[in-house]
Amino acid sequence: MRVRAGWLSAALLVAAVAPASAQQWLLLDGIADGETWATDSASLQLSRDGGHPAPAGRVQLFAGVDARRVQIIFMGEIEGGKGSSEGTTEVGYDQLIVRFLPSPLLVVDVGKFPSPLGAFANRRLSTINPLIGAPDGYPVQYPWGAEVSGTTAHFDYRAAVVSLPATHEDYVPDPSPTARPVLGGGFTPVPELRLGASVTWGPYLNRDLAPVLPPGADWKSYSQRIVAFDTRISRGYFEFHGELALSRYDVPAQATPVDGVAYYAEVKETWTPRFFTAIRVERNDYPFISPVDASQWIAQTVNGYNTEIGVGVRAGAGTIVKVSYRRLWWNVDPALQPAPPGGYAFAIQLSLHFDAKAWVERKH
């Protein structure tokens, strides 16, 4: 149903606007990615296809309608190949937004959109991300919700209510949807520098955990709190991005919460108009939380480090070729020994940005 609903929305959106090819209120373009992966066979986070060389492909379609102060924005995706993140073919949609724009100081989004916590979601697409991977501590999520945001020459803000917490599926139980706030803002004193912060709090468990909760406990009474900071610095052809997130989790059957910290630093240098290099160094000391029974829960931080280094070439207009190598290792509490396997990932990625609107216009 989720797949059919997503592509039905896209079909209706395109059908509604395609005949008016001369109008400028239609956005219809996409990104096609082709990848080849060679990874460690045992790594829980990095392995693809059991360590065998494996291809992957992805097509993302962006559609939008701009009707004066109202916009409709859609992003659908099809991904497949043994080297894909799930190893199978998946079709779905990540964004479906109705946006109201009374002024730059007040933008209202209602629908499904990237989580407003942190800053990496704004650079998640392959044509913007200077590397191929993503920070382990900053998985991009697409909750349902409503958001109010605005910007001036030096300040920006956002306030949202979303359906999902900012959690990592490898470390905590899958969450049940429930309303939770996200607040954020930024200060840009000069174009080369931005300082930002965001915060969220609320339930992070799910309703199916009732049998392993202490007697009389409600899953919504266990909260997650995250305070995140981000910065961007650019000068000439040099770019720096960094983020820091401090988290705290209430854990069933434990009197004291467990704290986590995650951060990364990313540097990109463009040496010529076509050639650039990048490196991202990350630490993710994330709480691993899992039930044993109603009287005992595992709650330990899993301290992981990883580094990704890569080079990229702009082969043509809208075409980028990237090669990267990523290494992951762990330093965990003795209670969690033996440590999970670390591992490596070598990847080649070809990204092509295409103008689907031009295809539609040629047919009309």
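A nonpolar core is a set of buried Ala, Val, Leu, Ile, Met, Phe, Trp, Tyr and Cys residues joined through side-chain atoms within 4.5 Å. In this predicted model, the largest such core has 25 residues. A search of the whole structure also finds 13 salt bridges, and the surface carries a nonpolar patch of about 990 Å² as well as a negative patch that includes E169.

**Nonpolar cores**

- Within the largest core, the residues with the most contacts are Y204, L205, V251, I289 and W297.
- At least two residues of this core come from each of strand 13 (275–293), strand 14 (296–316), strand 15 (319–330) and strand 16 (343–354).
- Strand 14 gives the most to this core, namely 3 residues.
- Another core, of 13 residues, lies apart from the largest one, and I97, F120, A160 and Y264 are among its members.
- As background, nonpolar side chains tend to be buried together in soluble globular proteins.

**Nonpolar surface patch**

- The patch of about 990 Å² is made by W271, F275, I279, V281, I309, V311, V313, V321, Y325, F346, I348 and L350.
- Strand 13, strand 14, strand 15 and strand 16 each supply at least two residues of this nonpolar patch; each of these strands likewise supplies at least two residues of the largest core.
- One of the patch residues, F275, is found in strand 13.
- F275 counts as partly exposed because its relative accessible area is 32%, and partly exposed denotes values between the buried limit of 20% and the exposed limit of 50%.

**Negative surface patch**

- E86, E90, E169, D170 and D174 form a negative patch on the surface.
- E169 is placed in the loop between strand 7 (155–162) and strand 8 (180–190).
- The relative accessibility of E169 is 58%, so this residue counts as exposed, the cut-off being over 50%.

**Salt bridges**

- Side chains of opposite charge can pair when their charged atoms come close.
- Among the 13 salt bridges found in the whole structure, one joins the side chains of R194 and D156, with an N to O distance of 2.9 Å.
- Because R194 lies in strand 9 (residues 193–203) and D156 in strand 7, this pair ties together parts that are 38 residues apart in sequence.
- R194 is buried, as its relative accessible area is 16%, and buried means under 20%.
- The side chains of R280 and E266 also meet in a salt bridge, at 2.9 Å from N to O.
- This pair links distant parts of the chain, with R280 in strand 13 and E266 in strand 12 (residues 258–270), 14 residues apart.
- Both R280 and E266 are buried.
- A further salt bridge is formed by D285 with R283, whose closest N and O atoms are 3.3 Å apart.
- D285 and R283 are both buried.
- D33, E35, R58 and E79 are joined into one network by salt bridges that share partners.

**Position of V70**

- V70 lies in strand 3 (residues 70–80).
- With 32% relative accessibility, V70 counts as partly exposed.
- The C-alpha atoms of V70 and N129 are separated by 29 Å, and the two residues are 59 residues apart along the chain.

How values were computed:
Residues numbered from 1 in each chain as written. Predicted model: local features only at pLDDT ≥ 70, side-chain atom pairs only at ≥ 80, totals over all residues. Heavy atoms only, no water. Patch = residues over 30% accessible without salt bridge, like charges linked within 9 Å, V, L, I, M, F, W, Y side chains within 5 Å. Areas by Shrake-Rupley, 256 points an atom, 1.4 Å probe, with all protein chains shown as cover. Salt bridge = Lys/Arg side-chain N within 4 Å of Asp/Glu carboxyl O. Lys, Arg positive; Asp, Glu negative; His and termini not counted. Charge placed at Lys NZ, Arg CZ, Asp CG, Glu CD. Helix = DSSP H or I, 4+ residues; strand = E, 2+ residues; numbered from the N terminus. Buried < 20%, exposed > 50% of the residue type's maximum accessible area, 1.4 Å probe, protein only.
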